[in-house]
Each structure stands twice: as C-alpha cells, then as structure tokens.
Amino acid sequence: MNIKIVLVQTWHPGNIGAAARAMKNMGLHQLVLVNPVDFPSDEAYNRAGKATDVLDNALVVRSLAEAISDCQWVVATSARDRSIRLPAFSAETCGKQAVVEQASAPVAIVFGRERMGLHNDDIQQCHAQVNIDANPEYPVLNLSQAVQLISYEIFKANQTTPPASREEEAYPLQEDLERFYQHLDEALHSIGFLKPAQPGQTMDHLRALFRRARPSSKELKLLRGVLSAAESAAKPDSRSDK
Ligand code: SAH
C-alpha cells in the first residue's frame with residue numbers, strides 16, 4: 001500500500017523498532033524518520049523482531065516537508081485537541097480514508113515526539129488529524145502502540161474497502177499546495193492586503209480555509225491564475241496601457 005508512516009524526531013530507538021514491527025504485522029513497509037535522535041541503532045533492531053527490512057529501507061530525512069512533499073493526504077496523529085483545528089477523523093475512519101486516497105497518490109500518517117508530540121508548524125503541513133479514542137484521564141499512548149492501532153485500522157480497511165469505482169477528482173500533492181500558499185502570500189503582499197510589518201495570523205487562517213475546502217488540482221490551477229492576474233494588475237505600470 002502506498003502509505004508512509006512518518007515519525008518526527010523520535011527520541012527512543014526502541015520505539016522506532018517497535019513501530020517497524022507494528023507496521024510489518026499490518027502490511028505496511030514505508031517508514032520515514034524525520035531527524036531521529038538515535039538511528040540506526042542496535043536497540044531499534046532488537047525491538048523490530050522480523051521487521052528489520054523495514055528499518056533497512058527506512059528513509060531518514062531532515063524535515064517533515066521533505067517527508068511529505070509527494071503526498072496528497074497527510075494526517076497528523078494527536079492525543080489531544082490542538083489549537084490548530086484540522087478536519088478530525090477517528091482511527092477507523094482514518095484507516096478507510098487512507099486506503100481510498102492511497103489508490104491515487106501517496107498518503108502519510110505523521111506521529112509526534114514522545115514528549116512534545118507534533119509542533120504547530122508540523123500540524124500546519126497536515127490535511128487532517130486523527131485521535132485514537134482512549135481513557136480521557138490518560139489518553140496518551142506509547143508512540144509505537146499508536147502506530148500499531150492506526151496500522152491495524154488501515155489493514156482492516158484494506159480488506160473491506162472496494163476498489164474505487166469511479167474516477168476520483170485529482171488532488172494536489174503537498175509540494176503543490178505549499179507552492180500555492182507561497183504564491184498566495186506573495187500576491188497578498190503585492191496587492192497590499194498583507195503588510196510586511198504586520199505578519200499576523202492571516203496566512204494561518206487562510207491555510208485553514210483551503211484545508212477545509214480541499215481544492216482539486218484543477219481548482220488550484222484556477223486560483224493560481226487569479227493570483228497571477230491580481231499580481232499583474234497591482235504592478236505600477238499595468239494601468240498605463242489601458
Ligand atoms: N505529550 C505528547 C504526547 C506524545 S505521545 C502530546 O501531548 O502530544 C507520542 C505520539 O504518539 C503522539 O505525538 C502521537 O503521534 C501518538 N499518540 C499517542 N497517543 C495518541 C492518541 N490517543 N491518538 C493519536 N495519536 C496518539
């Protein structure tokens with residue numbers, strides 16, 4: 001399946017090994033490690049059982065952006081409500097949606113640091129969030145056990161989800177979305193809506209809006225066209241030829 005498990009800055013190598021095992025048990029093989037504190041390590045291999053191939057093939061990258069740039073659906077996992085609200089999925093619905101989405105382009109499920117979870121700037125790069133239901137008095141699972149439960153839901157969903165029967169709308173990859181946000185930011189500056197002196201949270205709010213709306217690739221192209229037209233209209237010399 002075209003689903004990556006992304007672990008951000010994992011502190012304990014045992015958790016990396018246990019996550020690899022959890023993945024292989026459930027038929028997942030693509031492990032991406034963003035700045036792991038200690039990898040490769042004996043401890044990770046000791047905890048991986050017969051899933052050492054998952055560790056051998058793990059991709060180590062320097063940023064979350066790099067890990068997810070080729071993905072069309074990126075899900076943040078979190079034990080608690082975040083200040084940034086993303087469309088929320090249960091573990092079960094996340095499994096089902098991941099199986100559907102991965103048929104057209106890679107999907108990433110992103111797991112946070114043992115102590116700090118995911119930071120806000122990690123979450124800003126995700127399209128949705130998933131919360132594993134647990135005891136409200138202590139809902140924080142061990143990292144590898146969270147990987148286990150999400151992988152299990154993906155495994156179950158894969159057995160029951162019928163192959164997509166109709167042409168799905170094509171969605172942009174994360175790198176295309178980031179380029180759009182960059183363009184939006186530049187255009188809003190050039191038309192004077194955003195001021196360099198007052199950065200504020202406007203872009204965060206706009207990201208939230210587009211996340212909810214989830215423009216298709218075609219719609220994103222249209223929006224890029226609107227931005228380009230606004231930029232050229234804002235250029236000082238653009239009125240002289242009218
Ligand atoms: N103190 C951190 C907890 C991190 S636990 C925090 O408050 O966010 C390490 C990681 O395990 C989390 O970042 C998340 O990826 C995963 N995790 C733990 N419990 C979870 C739960 N109930 N639902 C979804 N993911 C969970």
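**Two domains and an open parallel sheet**

Reader: How much area do domain 1 and domain 2 bury between them?
Author: In this predicted model, the two domains bury about 910 Å² between them, and 40% of that area is on carbon and sulfur atoms.

Reader: Which three residues of domain 1 supply the most of what it buries there?
Author: They are Ser69, Gln124 and His127, which supply 52% of the area that domain 1 buries against domain 2, more than any other three residues.

Reader: And where are the domain bounds?
Author: The domain assignment places domain 1 at residues 3–160 and domain 2 at residues 174–241. Taken over C-alpha atoms, the centres of domain 1 and domain 2 are separated by 31 Å.

Reader: How many residues are in contact on each side?
Author: Domain 1 contributes 15 residues, in contact with 8 residues of domain 2.

Reader: What about polar contacts and salt bridges across that interface?
Author: Across the interface of domain 1 and domain 2 there are 9 residue pairs in polar contact, counting pairs with both residues at pLDDT 80 or more. The count of salt bridges between the two domains is 1.

Reader: Which residue forms a salt bridge with Arg214?
Author: Glu101 does, and the closest N and O atoms of that pair are 2.8 Å apart. Glu101 belongs to helix α5, which spans residues 91–101.

Reader: Which strands does α5 lie across?
Author: Helix α5 lies across β1 (3–8), β4 (73–77), β5, β6 (107–111) and β7, and runs at about 105 degrees to β5. Helix α7 (residues 143–160) also packs on the sheet, where α7 touches β1, β6 and β7. The direction of α7 makes about 155 degrees with that of β6.

Reader: Turning to the sheet itself, what is the strand order?
Author: The sheet is open and has 7 strands with parallel pairing, in the order β3-β2-β1-β6-β4-β7-β5. Its edge strands are β3 (59–61) and β5 (88–90), each of which pairs on one side only. From one strand to the next, the twist averages 25 degrees.

Reader: How many bridges join β5 to β7?
Author: There are 3 bridges between β5 and β7 (residues 128–131), and these strands run parallel. Within that pairing, Ser90 stands opposite Asn131 in β7.

Reader: Different topic: is the Phe39 to Pro40 peptide bond cis or trans?
Author: That bond is cis, with omega near 0 degrees. Pro40 is located in the loop between β2 (30–34) and α2 (42–47).

Reader: And what is the phi of Gln9?
Author: Gln9 has a positive phi of about 45 degrees, although it is not a glycine. Gln9 sits in the loop that connects β1 and α1 (13–25). As general background, most residues other than glycine have a negative phi, and most peptide bonds are trans.

Reader: Lastly, where is Ala170, and which residues does it touch?
Author: Ala170 lies in the loop between α7 and α8 (174–190). Leaving aside residues up to four places away in sequence, Ala170 touches Ser216 and Ser217. The C-alpha atoms of Ala170 and Pro215 are separated by 9.4 Å, while these residues are 45 residues apart along the chain.

Definitions and conventions. Residues numbered from 1 in each chain as written. Predicted model: local features only at pLDDT ≥ 70, side-chain atom pairs only at ≥ 80, totals over all residues. Heavy atoms only, no water. Pairing = 2+ DSSP bridges. Helix = DSSP H or I, 4+ residues; strand = E, 2+ residues; numbered from the N terminus. Axes fitted to C-alpha atoms, helices over the stretch in contact; angles between N-to-C directions. Contact = heavy atoms within 4.5 Å. Domains from an automatic or database assignment. Buried area = accessible area lost by both parts, 1.4 Å probe. Salt bridge = Lys/Arg side-chain N within 4 Å of Asp/Glu carboxyl O. Polar contact = N/O pair within 3.5 Å; in protein donor to acceptor, adjacent residues only side chain to side chain.
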